[in-house]
Amino acid sequence: FIGVSTYLAYLARYSTACSLHFASLLLTAPHCARILVRMMHAPTQKQSMLGQGRLSRGRVAQCTRKSIRRSCQVRAGKTSTGPRVAIVGVTGAVGMEFLQILKQRDFPYSSMKMLASARSAGKKVDFDGETYTVEELTENSFGDCDLALFSAGGSATKKFAPAASDAGCTVVDNSSAFRMTDGVPLVVPEINVEAMKDIKLGKGGIIANPNCSTIIALTAVTPIHKAVGVKRMVVSTYQAASGAGQAAMEELELQTREALDGKPITTNIFPRQYAFNLFSHNSDVDVDLGYNEEEIKLVKETAKIWNTKDVKVTGTCVRVPVMRAHAESINLELNAPLTVDEARKLLENAAGVSVIDNRKENDFPTPLVASYNDDVYVGRIRRDISRDDDCGIDLFVCGDQIRKGAALNAVQIAEALL
């Protein structure tokens with residue numbers, strides 16, 4: 001059964017780069033082997049095509065293909081004139097990604113404080129050549145901080161972010177706690193950085209990171225919206241395990257091994273099998289509307305970020321057995337005609353977007369290509385043939401949920417505060 005043996009070896013080596021191939025994987029050695037060949041070769045082939053100066057713009061240097069997959073080692077900018085930074089929720093997936101991205105982008109800092117819950121206090125975290133001891137998060141943690149990057153969950157954020165702001169520490173929050181609060185900017189820097197113009201670093205204030213699926217969708221769609229206006233947007237998401245946290249990623253890996261070994265499936269994070277399966281997003285469902293919370297976030301956050309209630313949005317959000325990159329199918333009804341070539345040119349010139357749209361080779365974005373990269377990848381750019389005019393466009397997009405969908409967007413916000 002050499003196919004499955006090879007599969008498990010690959011999984012052990014790249015356990016955080018699982019892909020949509022999982023959903024179609026069958027327990028037969030020949031089929032497994034064919035899929036493995038595609039999985040193992042696709043990322044490096046893509047990277048050689050995608051690089052072209054677009055990956056981790058401007059700051060990342062000396063990246064090998066292996067380092068692109070994991071992280072590019074660039075010395076962070078510790079300097080006496082930099083802000084005093086706190087990472088809240090540092091031991092989680094997004095918290096650890098904060099540290100990697102701060103290093104990659106040479107973010108200036110004069111001191112670094114690692115904060116987490118009481119159960120994580122005392123753990124050691126290495127950053128930029130130093131070892132830090134994780135401190136317990138309290139309301140008194142921020143008196144010596146100018147900037148706090150939060151990824152602590154909604155309830156903790158509601159308690160501690162206002163305390164940080166009152167202490168003069170500017171908060172960039174990754175949770176949903178304050179996204180829809182009046183006076184709290186909801187920011188994707190490529191789209192609406194001006195929304196945070198009244199907040200000054202080290203002077204308090206809270207800035208909210210949008211939900212991951214919203215960030216990825218709007219990074220791709222906003223260039224078209226700014227050009228001709230979007231009248232209606234229909235989004236179907238294929239969301240990775242990382243959106244539910246590190247424990248969900250670990251359980252997906254565990255379930256995959258268990259399924260291949262014919263063992264009972266562990267279901268601690270989700271109430272059903274995740275490996276080789278997909279299901280409606282695990283957030284609560286409004287029994288009257290039939291929409292889950294993830295879908296409602298997409299609707300409400302789009303209106304706030306674009307500062308308009310004129311765009312109609314509907315979505316269907318689904319969990320798929322992918323480790324860390326979301327995919328989204330997007331249909332746009334436009335206010336004015338736009339050809340496919342015009343749409344492609346807008347996207348090719350957009351900040352934070354890379355286009356993979358090779359119809360001849362059937363080569364389009366995949367979660368593996370997006371994983372560990374900064375850009376949102378866009379393809380399947382085509383006219384909506386259900387319409388008789390040029391006012392409909394279809395797109396397929398992929399973005400790394402932990403990076404652009406969370407940690408990278410927050411660090412970009414922090415950079416805009418400097």
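Visitor: How many bridges join strand S9 to S10?
Guide: In this predicted model, strand S9 covers residues 170-173 and runs parallel to S10. One of the pairings between the two strands links Asp173 with its bridge partner Ala208 in S10. The number of bridges that join S9 to S10 is 3.

Visitor: Which strands are the edge strands of the open sheet?
Guide: The sheet is built of 6 strands, paired in parallel, and their order is S7-S4-S2-S8-S9-S10. An edge strand here pairs on one side only, and in the order given the two ends are occupied by S7 and S10. The edge strands are therefore, with pairing taken as at least two bridges between two strands, strand S7 (135-136) and strand S10 (206-208).

Visitor: Which residues lie nearest the centre of the largest pocket?
Guide: The largest pocket holds about 1,200 Å³ of space, and its lining is made up of 46 residues. Helices that each supply at least two residues of this lining include H6 (154-166) and H9 (246-261). Nearest the centre of the pocket lie Ser151, Ala152, Gly153, Gly154 and Gly243.

Visitor: How many residues of the lining of the largest pocket are polar?
Guide: The lining divides into three classes, of which the nonpolar one has 14 residues and the charged one 8. Gly counts as polar in this division, and the remaining class, the polar one, has 24 residues.

Visitor: What percentage of the residues in the protein chain is buried?
Guide: The protein chain, with its 13 helices and 17 strands, has 418 residues. A residue counts as buried when its relative accessible area is under 20%, and the buried share of the chain is 56%.

Technical notes. Residues are numbered from 1 along each chain as its sequence is written. This is a predicted model: local features need pLDDT of at least 70, side-chain atom pairs count only at pLDDT 80 or more; totals for chains, interfaces and linings use all residues. Side-chain values use heavy atoms; hydrogens and water are left out. On a 1 Å grid over the protein atoms alone, a cavity is a set of points where a 1.4 Å probe fits but cannot get out, and a pocket is an open set with protein on both sides within 12 Å along at least five of seven lines; lining residues have an atom within 4 Å of a point. Grid points are joined across faces, edges and corners, and a volume is the space filled by probe spheres set on the points. Helices (H or I, at least four residues) and strands (E, at least two) are DSSP runs, numbered from the N terminus. Buried means under 20% relative accessible area, exposed over 50%, partly exposed in between (1.4 Å probe, protein chains only).
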